[in-house]
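Student: I'd like to learn how to read a protein model, starting with charged side chains. Can you take me through it?

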Amino acid sequence: QGYQLEEILHLSPDTIARAGEGDEAATRACDEQRLKDSKRTSSAQRPSMGQDMQKGRRTEIEFLNGFVVREGEKLGLACNANAALTDIVKRVERGELKPDPRHITELRMN
């Protein structure tokens, strides 16, 4: 689609994609980077969207995961995990669900 993707947590988009496709070297690189990053963070830290949800603020979910869903639809691709995540976050924003990390289990697609 012509989008230029940036590194995510010091990993190239290509490495992340290959890991998602089962490439062992890429998976190892992702795991090593996550382990390295975990040593520099605190268990009390939250991503900005998590902070927004905890404080009852509207998130940017429509501009991130919702965007992925809409772009996928244009190509005839179902982006089920992104659609489920978007739905969960929007339900929290509307007060239908309380913020809870256990909602992540709803993303299990198989």
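Student: Which residue forms a salt bridge with R57?

Tutor: The general idea comes before the case: side chains of opposite charge can pair when their charged atoms come close. Here, in what is a predicted model, R57 pairs with D52, and their closest N and O atoms are 2.8 Å apart.

Student: Is D52 buried or exposed?

Tutor: Buried means under 20% relative accessible area. D52 has 12%, so D52 is buried. Its partner R57 comes out at 38%, so R57 counts as partly exposed.

Student: How many salt bridges does the structure hold?

Tutor: There are 10 salt bridges in the structure. One of them joins R18 and D14, with the closest N and O atoms 3.0 Å apart.

Student: How far apart are R18 and D14 in helix α1?

Tutor: They are 4 residues apart in α1, which means that about one helical turn separates them. As for cover, R18 has a relative accessibility of 30%, so R18 is partly exposed. D14 is partly exposed too, at 47%.

Student: What about helix α4: which side chains meet in a salt bridge there?

Tutor: Look at E71 and K74, whose side chains meet at 2.7 Å, N to O. Both sit in α4, 3 residues apart, which is about one turn of the helix.

Student: And are E71 and K74 buried or exposed?

Tutor: This pair is a nice one for practice. E71 has 13% relative accessibility, so E71 counts as buried. K74 has 64%, and because exposed means over 50%, K74 is exposed.

Student: Which residues are linked in a network of salt bridges?

Tutor: That would be E62, R70 and K90.

Student: Okay, on to pockets. What is the volume of the largest pocket?

Tutor: About 730 Å³. To place it on the model, find the residues closest to its centre: L5, I8, L64, V68 and N82, out of 16 that line it.

Student: Which element gives the largest share of that lining?

Tutor: Helix α4 does, with 4 residues. Both α1 (13–20) and α4 (65–74) supply at least two residues each.

Student: What kinds of residues make up the lining of the largest pocket?

Tutor: Sort them by type and you get 10 nonpolar, 4 polar and 2 charged.

Student: How much space lies in the second largest pocket?

Tutor: About 520 Å³. This pocket is lined by 17 residues, and the closest to its centre are G50, M53, D100, P101 and I104. Two elements, α3 (48–54) and α5 (80–93), give two or more residues to the lining. The largest share comes from α3, with 4 residues.

Student: How do the residues of the second lining divide?

Tutor: Into 11 nonpolar, 4 polar and 2 charged.

Student: Last topic: the surface. Which residues make the nonpolar surface patch of about 380 Å²?

Tutor: Y3, L5, F67 and V68 make that patch. You've met two of those names already: L5 and V68 are among the residues closest to the centre of the largest pocket.

Student: Where is Y3 found, and is it buried, partly exposed or exposed?

Tutor: Y3 belongs to the segment before α1. For a patch, a residue needs over 30% relative accessible area. Y3 has 45%, so Y3 is partly exposed and clears that cut-off.

Note on methods:
Residues are numbered from 1 along each chain as its sequence is written. This is a predicted model: local features need pLDDT of at least 70, side-chain atom pairs count only at pLDDT 80 or more; totals for chains, interfaces and linings use all residues. Side-chain values use heavy atoms; hydrogens and water are left out. On a 1 Å grid over the protein atoms alone, a cavity is a set of points where a 1.4 Å probe fits but cannot get out, and a pocket is an open set with protein on both sides within 12 Å along at least five of seven lines; lining residues have an atom within 4 Å of a point. Grid points are joined across faces, edges and corners, and a volume is the space filled by probe spheres set on the points. Ala, Val, Leu, Ile, Met, Phe, Trp, Tyr, Cys and Pro count as nonpolar, Asp, Glu, Lys and Arg as charged, and the others, Gly among them, as polar. Patches are made of residues with over 30% relative accessible area and no salt bridge: like charges are joined within 9 Å, nonpolar side chains (Val, Leu, Ile, Met, Phe, Trp, Tyr) within 5 Å. Accessible areas come from the Shrake-Rupley method with a 1.4 Å probe; for residues, only the protein chains shown count as cover. A salt bridge is a side-chain nitrogen of Lys or Arg within 4 Å of a carboxyl oxygen of Asp or Glu. Buried means under 20% relative accessible area, exposed over 50%, partly exposed in between (1.4 Å probe, protein chains only).
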